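Biologist: Would you please take a close look at a single part of this model, and set out which elements it meets and how it is placed against them? I should be grateful for a connected account, with the remainder of the chain described only as background.

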Amino acid sequence: MELTYQRQGDYLFPNLEIESSVTEPIGRFGMQRKAYLKEHHPGWYQSMLLTGRLDGHLLEIDRSANARMELLTSQMAEREDVTEALKETNQLEWVQRMNNIRSRAEEIVLTELIYN
């Protein structure tokens with residue numbers, strides 16, 4: 001393997017490029033996981049970054065978190081009787097209750113998938 005170097009002051013730094021196998025953008029939950037790993041687990045973050053597994057991990061976390069959010073939101077809405085009929089009769093109450101449900105579901109997802 002042939003390495004090239006770049007001089008910065010008195011030091012030579014290798015010109016390294018990390019190839020990413022992920023072509024689609026990483027969403028909100030994936031970016032939150034990245035920030036969490038970078039701040040709280042720098043060893044894991046660096047290891048995954050240098051081996052090229054970070055983007056795949058972040059994409060998988062993002063997909064799982066979005067799927068879990070949808071499932072939790074629909075289950076909570078069904079359990080709490082937040083239906084389309086309520087939306088037709090009282091839109092403000094429906095919005096209030098759905099926002100509450102989404103907030104609780106997001107808290108669960110963040111605890112289970114992002115900060116774990």
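Modeller: For the angles and distances that follow, an axis is a line fitted to C-alpha atoms, for a helix over the stretch in contact, and the angle is taken between N-to-C directions on a scale from 0 to 180 degrees. The model is a predicted one. The part I have chosen is helix α1, residues 28-40.

As background, the protein chain contains five helices and two strands, and along the sequence these follow the pattern β-β-α-α-α-α-α. With a radius of gyration of 21 Å, well over the 13 Å that the globule rule gives for 116 residues, the chain is more spread out than a compact globule. Along the principal axes, its C-alpha atoms fill a box of roughly 70 × 25 × 20 Å.

The two strands may be described briefly. Strand β1 (residues 5-8) pairs with strand β2 (residues 11-14) in the antiparallel sense, over four bridges. Tyr5 stands opposite Pro14, and Arg7 stands opposite Leu12. Two residues lie between the strands of this hairpin, where Gly9 takes a positive phi near 70°.

I now turn to α1 and its contact with helix α2, residues 42-51. The two axes come within 5 Å and cross at roughly 120°; an angle between 115 and 145 degrees counts as oblique, and α1 and α2 are therefore oblique to each other. From α1, Lys34, Leu37, Lys38, Glu39 and His40 take part, and from α2, Pro42, Trp44 and Tyr45. By class, this contact has four nonpolar, one polar and three charged residues.

The next partner is helix α3, residues 54-79. Here the axes lie 7 Å apart and the packing angle is about 125°, so α1 and α3 are likewise oblique to each other. The crossing of α1 past α3 is right-handed. On the α1 side the contact involves Arg28, Phe29, Gly30, Arg33, Lys34 and Leu37, which meet Leu54, His57, Leu58, Ile61, Asp62, Ala65, Asn66 and Met69 of α3. These residues divide into seven nonpolar, three polar and four charged. Lys34 and Leu37 serve in the contact with α2 and also in that with α3.

The remaining contact to be described is with helix α5, residues 91-114. The axes of α1 and α5 come within 11 Å, crossing at roughly 50°, and that makes α1 oblique to α5. α1 passes α5 in a right-handed crossing. Arg28, Phe29, Gln32, Arg33 and Tyr36 of α1 make the contact with Glu106, Val109, Leu110, Leu113 and Ile114 of α5. Its residues comprise six nonpolar, one polar and three charged. Arg28, Phe29 and Arg33 take part here as well as in the contact with α3.

In summary, α1 is oblique to α2, to α3 and to α5.

How values were computed
Residues are numbered from 1 along each chain as its sequence is written. This is a predicted model: local features need pLDDT of at least 70, side-chain atom pairs count only at pLDDT 80 or more; totals for chains, interfaces and linings use all residues. Side-chain values use heavy atoms; hydrogens and water are left out. Angles under 35 degrees count as roughly parallel, over 145 as roughly antiparallel, 65 to 115 as roughly perpendicular and the rest as oblique. A crossing is left-handed if the near helix is turned anticlockwise from the far one by less than a right angle, and right-handed if clockwise. Contact means heavy atoms within 4.5 Å. Ala, Val, Leu, Ile, Met, Phe, Trp, Tyr, Cys and Pro count as nonpolar, Asp, Glu, Lys and Arg as charged, and the others, Gly among them, as polar. Two strands pair if DSSP finds at least two bridges between them. The radius of gyration is taken over C-alpha atoms; the globule rule is 2.2 Å times the number of residues to the power 0.38.
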